[in-house]
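Biologist: Please take one ionic pair as the starting point, and describe how it is placed and what surrounds it. I would then like the account widened, step by step, to the rest of the model.

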Protein chains: 2
Amino acid sequence: MPQATPVAAMPQPPSAADALPGDWRPIPDDELMVMTLAGGKRVVVRLASRYAPEHVDNVRRLALAHWWDATTIYRVQDNWVTQWGGAPTDDDRKPMPAGIAERPAAEFDVSEGFHPAQTLSATDAYSGASGITADGWAIATARGGEGKAWLTHCYATVGVARDALPDTGSGGELFVAIGGSARRLDRNYTIVGRVIEGMAALSGLPRSEAAMGVYATARERLGIVSVRLASDLPAAERPHYQHRAADNPRFAAMIASRVSPRPPTVGLGGIDVCDVPLATRHTPTP
Amino acid sequence: MPQATPVAAMPQPPSAADALPGDWRPIPDDELMVMTLAGGKRVVVRLASRYAPEHVDNVRRLALAHWWDATTIYRVQDNWVTQWGGAPTDDDRKPMPAGIAERPAAEFDVSEGFHPAQTLSATDAYSGASGITADGWAIATARGGEGKAWLTHCYATVGVARDALPDTGSGGELFVAIGGSARRLDRNYTIVGRVIEGMAALSGLPRSEAAMGVYATARERLGIVSVRLASDLPAAERPHYQHRAADNPRFAAMIASRVSPRPPTVGLGGIDVCDVPLATRHTPTP
């Protein structure tokens, strides 16, 4: 909370909203994408392989081919997105490695429908209902029971850049939401993941004032040293992550504590699906 | 929209959603706060004097006393706020000039109630209804007809930092929302304005990983050269701004065009109050 004086963290007794050890579930190594930026900062993306299998398959193939190495972050548009990959113009677009579907079918909606482990009591302007899946993704469905469901473009969500519809994007160029809201991209772009480490390295970059936030000069671009699947890294360099599962009463209690904070804080009777903390952590050493 | 290839802007015929000349209304010079940062970047804040008169009165007095000159931006917390002013610790807090109410009454809610010019058709998780006031501010009201109304903590909203409740903050330390959502601050902090120019100078700063995002070293802080009311600047340096009024059918048509975009873009049937564009522009030279 914005406060003039930082308050030292007080030790707190365990609460009903705290995760139990078994609530932490491993994220498979091939669902972690590790980016190393010029200057050495590391960004880790959790891939949404269940929800966008074709695009995530492309993303994995591109990482295994080291295709993003020596590409750049070439776009930072304020209150919108940071974008990276291939190249910002058709003229110098990098050829795709073999096996990539250059125009996979749209995965704007998810095939499994709306089955969150936690459904939020208050809806939002962009959906009929929203919630958190058991495996820790924000999901929404349409008003009027149309049945379609989709992952939501929350802060730190990674999506597939594309040309005008009906293009769906190959996955070679990706963006991450860095602004107040990118929810109006829901159902129009394919989400392939979420930044779980190093988000500040993507959100804290200088904004470009050029058209669409594309850096006007090569000097402004930030180099990408490498992008790897964790499963493709030497064991010693491989990060191991767990996510907090949402299919348990502790997670429900955590949401409730945010919907109804302790007085004197005034609660608003709801929480936006993008404001529910989706925790991850390094796998503890046994 | 995230696209691989920026598309050149095509000339468009006027639409029912375009503002007419009379929809642009002047923002008084004493409702504009002009910040000059080290390095020369300028930030302009539109002050919410109608909605938080006591706190804005403090802010004006502080600007007229040149109180913020040589203070710093000392906190940048990712997905949350950039904060500046006095000083981050009680030890070296700058004394207030005469005439400042150090603990004005809370102005978390606004006295005039919920009377937007445009009420949004779809609600959000934090309110019973929301909309845009005639003079261009995002406003919300509670569920269940409690009657209270408040300005919403959207991206670029400037609020008053404070210690723990019941402190309300003097206005000497201010924050601006730079993240995915700060709506959970609604009704708990006083909003005094909105950044209308130079937001990227506040949002594109390096994030601090220290507690609460307070820069750990003096070297990280960004100096504030000066903060002035536009009305206190020499005429030649004074910016002149207009805001787009919302009490007209053009504004309603603009909202409608965003709620229901043209196919093939898929519309979501609603728009969040924080995603409604609140346009301002430099006053055209006659």
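Modeller: In this predicted model, B:Asp167 and B:Arg103 are joined by a salt bridge, with 3.2 Å between N and O (the criterion being a side-chain nitrogen of Lys or Arg within 4 Å of a carboxyl oxygen of Asp or Glu). B:Asp167 belongs to the loop between strand 10 (157–160) and strand 11 (173–177) of chain B, and B:Arg103 to the loop between strand 5 (81–85) and strand 6 (118–119), so the pair ties together parts 64 residues apart in sequence. Helices (H or I, at least four residues) and strands (E, at least two) are DSSP runs numbered from the N terminus. The two partners differ in exposure: B:Asp167 is buried at 6% relative accessibility, whereas B:Arg103 is exposed at 58%. Here buried stands for under 20% relative accessible area, exposed for over 50%, and partly exposed for what lies in between, with a 1.4 Å probe and protein chains only.

As to conventions, residues are numbered from 1 along each chain as its sequence is written, and chains are lettered from A and ligands numbered from 1 in the order in which they are written. Local features need pLDDT of at least 70 and side-chain atom pairs count only at pLDDT 80 or more, while totals for chains, interfaces and linings use all residues; side-chain values use heavy atoms, leaving out hydrogens and water.

The loop between strand 10 and strand 11 of chain B also holds B:Pro166, which a cis peptide bond with omega of about 15 degrees joins to B:Leu165. In chain A, a cis peptide bond with omega of about 15 degrees joins A:Leu165 and A:Pro166, and A:Pro166 lies in the loop between strand 10 (157–160) and strand 11 of chain A. Most residues other than glycine have a negative phi, and most peptide bonds are trans. A:Arg187, although not a glycine, has a positive phi of about 70 degrees; this residue is in the loop between strand 11 and strand 12 (191–197) of chain A and is buried at 9% relative accessibility.

A second pair in chain B is B:Asp23 with B:Arg250, whose closest N and O atoms are 2.6 Å apart. B:Asp23 comes from the segment before strand 1 (24–26) and B:Arg250 from helix 3 (residues 249–259) of chain B, so this salt bridge ties together parts 227 residues apart in sequence. Both B:Asp23 and B:Arg250 are buried. At the N-terminal end of helix 3, B:Asn248 acts as a cap, placing a side-chain oxygen 3.2 Å from the backbone nitrogen of B:Arg250. The buried residues of helix 3 include B:Phe251, B:Met254, B:Ile255 and B:Val259. The buried residues of this helix pack against strand 6, strand 7 (129–132) and strand 14 (241–244) of chain B.

Chain A offers a pair within one helix. A:Arg61 and A:Asp57 form a salt bridge at 3.0 Å between the closest N and O atoms; being four residues apart in helix 1 (residues 53–64), they are separated by about one helical turn. A:Arg61 is partly exposed at 37% relative accessibility, and A:Asp57 is partly exposed at 32%. A:Arg50, A:Glu112 and A:Asp135 are linked in a network of salt bridges. Over all chains, the structure holds 30 salt bridges.

What, finally, lies between the chains? Contact (heavy atoms within 4.5 Å) involves 63 residues from chain A and 62 from chain B. Chain A and chain B bury about 5,000 Å² between them, 54% of it on carbon and sulfur atoms; this area is the accessible area (1.4 Å probe) lost on being put together, summed over both parts. Across the interface of chain A and chain B, the rule finds zero salt bridges. On the side of chain A that touches chain B, strand 4 (72–77), strand 5 (81–85), strand 11 (173–177) and helix 2 (199–203) of chain A each supply at least two residues. Helix 2 of chain A gives the largest share, three residues.

Key: Buried area is the accessible area (1.4 Å probe) that two parts lose on being put together, summed over both. A polar contact is a pair of N or O atoms within 3.5 Å; within protein, one must be able to donate a hydrogen and the other to accept it, and residues adjacent in sequence count only if both atoms are side-chain atoms.
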